[in-house]
Amino acid sequence: MYSSAPETTKPCSTYGYCASCDTTHILGEGNARSHCYDLMKILDTEKRIDFVNTIKDPKFSTDYLFGPARGQMFGILECSKSNGDIVILKAFSCQYDGEWECEGWCPPLLDTDQFYTVLPTRDAEIKATGAQINQLEKHDPARRELVQARKLLSQQFMRDIHNMYTVHNFEGHVKSLHESYIGTGGIPTGCGDCCAPKLLNHAAQLRLKPLGLAEFYWGKENQSGSKQHAVFYSCCEEKCQPILGYMLCGVKND
Ligand SMILES: [Zn+2]
Ligand SMILES: [Zn+2]
């Protein structure tokens with residue numbers, strides 16, 4: 001699980017066990033932390049994440065991070081091109097107020113076109129079953145069956161969503177989330193949606209060489225208090241480490 005104490009001073013480390021190399025691949029923070037401080041300054045002054053656009057979209061205001069939804073993670077990956085040019089990639093974790101994409105930020109591993117095509121139908125099915133459940137008495141055996149049916153629908157939907165993820169690594173391999181996940185049990189919700197997987201996936205697709213990665217939390221502290229505003233954290237154990245070994249495979253550390 002997550003470390004209880006904020007890792008204020010510890011450098012960020014992005015790592016995971018790689019089954020094909022039988023070793024743990026590690027990426028340090030390099031210069032990424034200083035780029036994060038630059039990003040924090042921008043977030044502080046601009047108070048929005050769509051700052052590359054001239055027209056402000058209210059849904060990308062950072063007020064959202066200080067409200068009931070609370071904050072989220074932001075990350076930077078410093079990379080180099082084959083000619084040595086430095087490229088800075090940015091990512092926010094999960095969705096930003098329901099949005100998967102925002103100009104200037106890495107896209108998700110999820111195929112959003114596919115996701116939005118399937119979402120309304122599957123959502124409607126689950127909601128319709130919920131409505132049927134609510135019409136029945138608590139001890140009605142038919143109700144229990146429907147509750148079970150809804151659970152199966154949700155699980156199937158989750159599996160379908162996971163199948164819409166494509167995970168690239170630096171060996172040039174492409175796998176599904178199921179193939180790249182080495183944890184025990186089912187794939188946790190939000191796996192692949194943290195900053196590190198988004199950053200590495202995008203860098204691998206662009207054939208960039210990762211030099212350093214750092215992630216920090218921005219906004220109102222999370223419910224459990226384990227994540228604090230403007231504090232840096234290493235990759236998470238539950239969702240990230242089980243895929244990061246595969247994702248970091250092929251990163252050449254000089
Ligand atoms: Zn994570
Ligand atoms: Zn490997």
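# Briefing: two domains, helix 2 and selected residues

Lys 47 is partly exposed, since its relative accessible area of 43% lies between the limits of 20% for buried and 50% for exposed residues. The structure is a predicted model. The domain assignment of the protein chain divides it into domain 1 (14-109 + 165-247) and domain 2 (111-164). The points below treat the domains, two helices, the loop that holds Lys 47, and three further buried residues.

**Domains and their interface**

- Domain 1 is assigned in two stretches, 14-109 and 165-247, while domain 2 consists of residues 111-164.
- Contact between the two domains involves 13 residues of domain 1 and 10 residues of domain 2.
- The centres of domain 1 and domain 2, taken over C-alpha atoms, lie 30 Å apart.
- The size of an interface is often expressed as the accessible area lost when the parts come together.
- For domain 1 and domain 2, the buried area is about 820 Å², and carbon and sulfur atoms contribute 54% of it.
- On the side of domain 1, Trp 100, Tyr 165 and His 178 provide 56% of the area buried against domain 2, more than any other three residues.

**Helix 2**

- Helix 2 covers residues 112-135; at 1.5 Å a residue its 24 residues should span 34 Å, and this agrees with the 34 Å between its end C-alpha atoms.
- A bend of about 40 degrees is found in helix 2 at Leu 119, with a proline, Pro 120, following within four residues.
- At the start of helix 2, a side-chain oxygen of Asp 111 comes within 3.1 Å of the backbone nitrogen of Asp 113.
- The buried residues of helix 2 are Thr 112, Phe 115, Arg 122, Ile 126, Thr 129, Gly 130 and Ile 133.
- These buried residues pack against helix 3 (141-162).

**Helix 5 and His 168**

- Helix 5 (residues 195-205) is mostly covered, with 10 of its 11 residues buried.
- Charged and polar side chains occur in the buried set, which includes Lys 198, Asn 201 and His 202.
- Hydrophobic members of the buried set include Leu 199 and Leu 200.
- Arg 207, which follows helix 5, has a positive phi, near 55 degrees.
- His 168 belongs to strand 5 (residues 166-168).
- With a relative accessibility of 16%, His 168 counts as buried, because the cut-off is under 20%.
- The side chains of His 168 and Gln 205 are joined by a polar contact of 3.4 Å.
- Beyond residues up to four places away in sequence, His 168 touches His 173, Val 174, Asn 201, Ala 204, Gln 205, Tyr 246 and Met 247.
- Two of these partners, Asn 201 and Ala 204, are among the residues of helix 5 listed as buried.

**The loop between helix 1 and strand 3**

- Most residues other than glycine have a negative phi.
- Lys 47, although not a glycine, has a positive phi of about 55 degrees.
- Lys 47 is placed in the loop between helix 1 (32-46) and strand 3 (72-80).
- Arg 70 is likewise not a glycine and has a positive phi of about 65 degrees; its place is in the loop between helix 1 and strand 3.
- Arg 70 is buried, with a relative accessible area of 18%, whereas Lys 47 is partly exposed.
- Thr 62 also lies in the loop between helix 1 and strand 3, and its relative accessible area of 3% makes it buried.
- Residues up to four places away in sequence aside, Thr 62 touches Leu 43, Lys 47, Arg 48, Ile 49 and Tyr 96.

**Glu 215**

- Glu 215 is part of strand 7 (residues 209-218).
- The relative accessible area of Glu 215 is 4%, and the residue is therefore buried.
- Leaving aside neighbours within four places in sequence, Glu 215 is in contact with Cys 12, Met 73, Phe 74, Gly 75, Cys 195, Ala 196, Val 231, Phe 232, Tyr 233 and Cys 235.
- Cys 195 and Ala 196, both in contact with Glu 215, are among the buried residues of helix 5.
- Glu 215 and Thr 23 are 192 residues apart along the chain, and their C-alpha atoms are separated by 23 Å.

**Cys 249**

- Cys 249 is located in the segment after helix 6 (241-247).
- Its relative accessible area is 5%, so Cys 249 is buried.
- Cys 249 touches Cys 18, Ser 20, Cys 21, His 25, Asn 169, Phe 170 and Glu 171, not counting residues up to four places away in sequence.
- From C-alpha to C-alpha, Cys 249 and Val 52 are 32 Å apart in space, with a separation of 197 residues in sequence.

Note on methods: Residues are numbered from 1 along each chain as its sequence is written. Chains are lettered from A and ligands numbered from 1 in the order in which they are written. This is a predicted model: local features need pLDDT of at least 70, side-chain atom pairs count only at pLDDT 80 or more; totals for chains, interfaces and linings use all residues. Side-chain values use heavy atoms; hydrogens and water are left out. Helices (H or I, at least four residues) and strands (E, at least two) are DSSP runs, numbered from the N terminus. The expected span of a helix is 1.5 Å times one less than its number of residues. The bend at a residue is the angle between axes fitted to the seven residues ending there and the seven starting there. Buried means under 20% relative accessible area, exposed over 50%, partly exposed in between (1.4 Å probe, protein chains only). Contact means heavy atoms within 4.5 Å. A polar contact is a pair of N or O atoms within 3.5 Å; within protein, one must be able to donate a hydrogen and the other to accept it, and residues adjacent in sequence count only if both atoms are side-chain atoms. Domain bounds come from an automatic or database domain assignment. Buried area is the accessible area (1.4 Å probe) that two parts lose on being put together, summed over both.
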